[in-house]
Amino acid sequence: MSEKDLLETLEQLRAQVAALEADETSRARLESLIGTLEQRLQGAGGEEHHMHLVAELKEAISHFEVEHPRLTGILNDLMVTLSNMGI
């Protein structure tokens, strides 16, 4: 997987967040996560930042997996893509 795959997955995540009927806290959390991922694509952050990003993704997956399975699938795809990129 490549950065292109990551960008495509981020676009899918944006579409799911836009369609999500969730409270504002959940929506803000996801938008923050998207922003963090975009920073990673721009090369911002070191290893500590990457570990925080992975932890944040895992937490989001746990939070949304029951109520929003499609969103959880996209988040899992992001985890795999980041892992393949060495993050």
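The following paragraphs describe the nonpolar core and two of the helices of a predicted model. Residues are numbered from 1 along each chain as its sequence is written, and side-chain values use heavy atoms, with hydrogens and water left out. Because the model is predicted, local features need pLDDT of at least 70 and side-chain atom pairs count only at pLDDT 80 or more, whereas totals for chains, interfaces and linings use all residues.

The largest nonpolar core (buried Ala, Val, Leu, Ile, Met, Phe, Trp, Tyr and Cys residues joined through side-chain atoms within 4.5 Å) comprises 23 residues, and Leu-13, Leu-75 and Leu-78 have the most contacts inside it. At least two residues of this core come from each of α1 (3-19), α2 (24-41), α3 (47-64) and α4 (69-84), helices being DSSP runs of H or I with at least four residues, numbered from the N terminus. Beyond its neighbours within four places in sequence, Leu-13 is in contact (heavy atoms within 4.5 Å) with Ile-34, Leu-71, Ile-74, Leu-75 and Leu-78.

The end C-alpha atoms of α2 are 26 Å apart, in agreement with the 26 Å that its 18 residues should span at 1.5 Å a residue, where the expected span is 1.5 Å times one less than the number of residues. Buried residues of α2 (under 20% relative accessible area, 1.4 Å probe, protein chains only) include Leu-30, Leu-33, Ile-34 and Leu-37. Ser-26, which lies in α2, counts as buried because its relative accessibility is 6%; leaving aside neighbours within four places in sequence, Ser-26 is in contact with His-63 and Phe-64.

In α4, the buried residues include Leu-71, Ile-74, Leu-75 and Leu-78, and just after this helix Gly-86 takes a positive phi of about 90 degrees.

Technical notes: Buried means under 20% relative accessible area, exposed over 50%, partly exposed in between (1.4 Å probe, protein chains only).
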